Amino acid sequence: MSDRKPWQSKTLWSKLRTQTDHGLATGALAPIDTDYEIVKDGNIDFIVRILTNLNRKAQARKVQTKEKTNPFLPYDANLYVTDVSETHVCLLNKFNVVDHHFLIVTRAFESQLTWLTLADFIALHRSLAEVPGLFFYNGGPQAGASQPHKHLQVVPQQSMALPVETAVQATTFINGIGQSPLLPYGHGIAQVSLDDDPQQWLTTYRQLLTSLAIGEPTGTWQGEQQQAYNFLGTKNWMMIVPRHQDDHLGISVNSLGFAGSLLVKNQEQMDRLKQLGPMTLLQRVGTTKT
């Protein structure tokens, strides 16, 4: 790709804002309009967003269907923010719900079903050091992945705490890993810090996977995953949630759901979710807690 922007420290936030303005001006960026309600369940205040423009969402899906199989090769230059490293680029999320939502995408094709690598964590660590927020990785279609090309995502979070952090704070850690008593589905949580280097983050990620019996049994971490999972966190913690299905009652769930943010298509789904309860929805798409 021509006109590459090499990584420059302390510039990511300003580049995100500049490219957002450009993406909106050119029409390359197509935000999805939503309203939201707070639905309390299990001591967690879930943010449940409801689409306000069904035609826009339908149009977005039609565009995705008509677009090339891999929208990241080549990527849309109007959504390109900067190189993050020699192996990863930063792109704006075309159909964003939250402003400045960005993707950390491998420059060459790698499958979304492969394990995260040191290169992935170098790019992630570098990004979070400049733009605090929620990072997440949807490991496979059953975990909400819509694209087969490996990419992590970051939703900037400048001040407001994430709903799931109530559960994270209630966690007791043993040998660095724990489960929250507030979360009734299978999961593992670990504490991290930006003072840790990317290799330490990679090691912690692998320890979490192994603790949930969904890691690489040979210890080589060269093959593809055998079970879908969501990986999410901030600069202070990371969580892995094993998955067995993408949706329940027509309500799809990706990593954002386990952070406490859900999306419904219409009022009918909102009512259905309130009757069921967000926590029960997460139990149905996740696995049994051990």
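Select helix α1 (helices being DSSP runs of H or I with at least four residues, strands runs of E with at least two, both numbered from the N terminus) and colour its buried residues, those under 20% relative accessible area with a 1.4 Å probe and protein chains only: Leu12, Lys15, Leu16, Gln19, Thr20 and Gly23. Seen down the axis of α1, these buried residues fall within an arc of 140°, taken from the directions from the helix axis to the C-beta atoms, so they line one face of the helix. This is a predicted model, in which local features need pLDDT of at least 70 and side-chain atom pairs count only at pLDDT 80 or more, while totals for chains, interfaces and linings use all residues. Residues are numbered from 1 along each chain as its sequence is written, and side-chain values use heavy atoms, without hydrogens and water.

Next, show β3, β4 (88-92), β5 (102-106) and α3 (118-130), against which the buried residues of α1 pack, contact meaning heavy atoms within 4.5 Å. On the face of α1 turned away from its buried side, select Thr18, Asp21 and Ala25, which are exposed, that is, over 50% relative accessible area. Just after α1 comes Gly27, with a positive phi near 85°.

Move on to the loop between α2 (54-66) and β3 (80-83), where Pro74 is found; a cis peptide bond joins Leu73 to Pro74, with omega about -10°. Most peptide bonds are trans, and most residues other than glycine have a negative phi.

Finally, select Asn175, in the loop between β8 (172-174) and β9 (177-179), which has a positive phi of about 55° and is exposed at 77% relative accessible area. Trp221, in the loop between α5 (198-211) and β11 (229-233), also has a positive phi of about 55°, but Trp221 is buried, at 13% relative accessibility.
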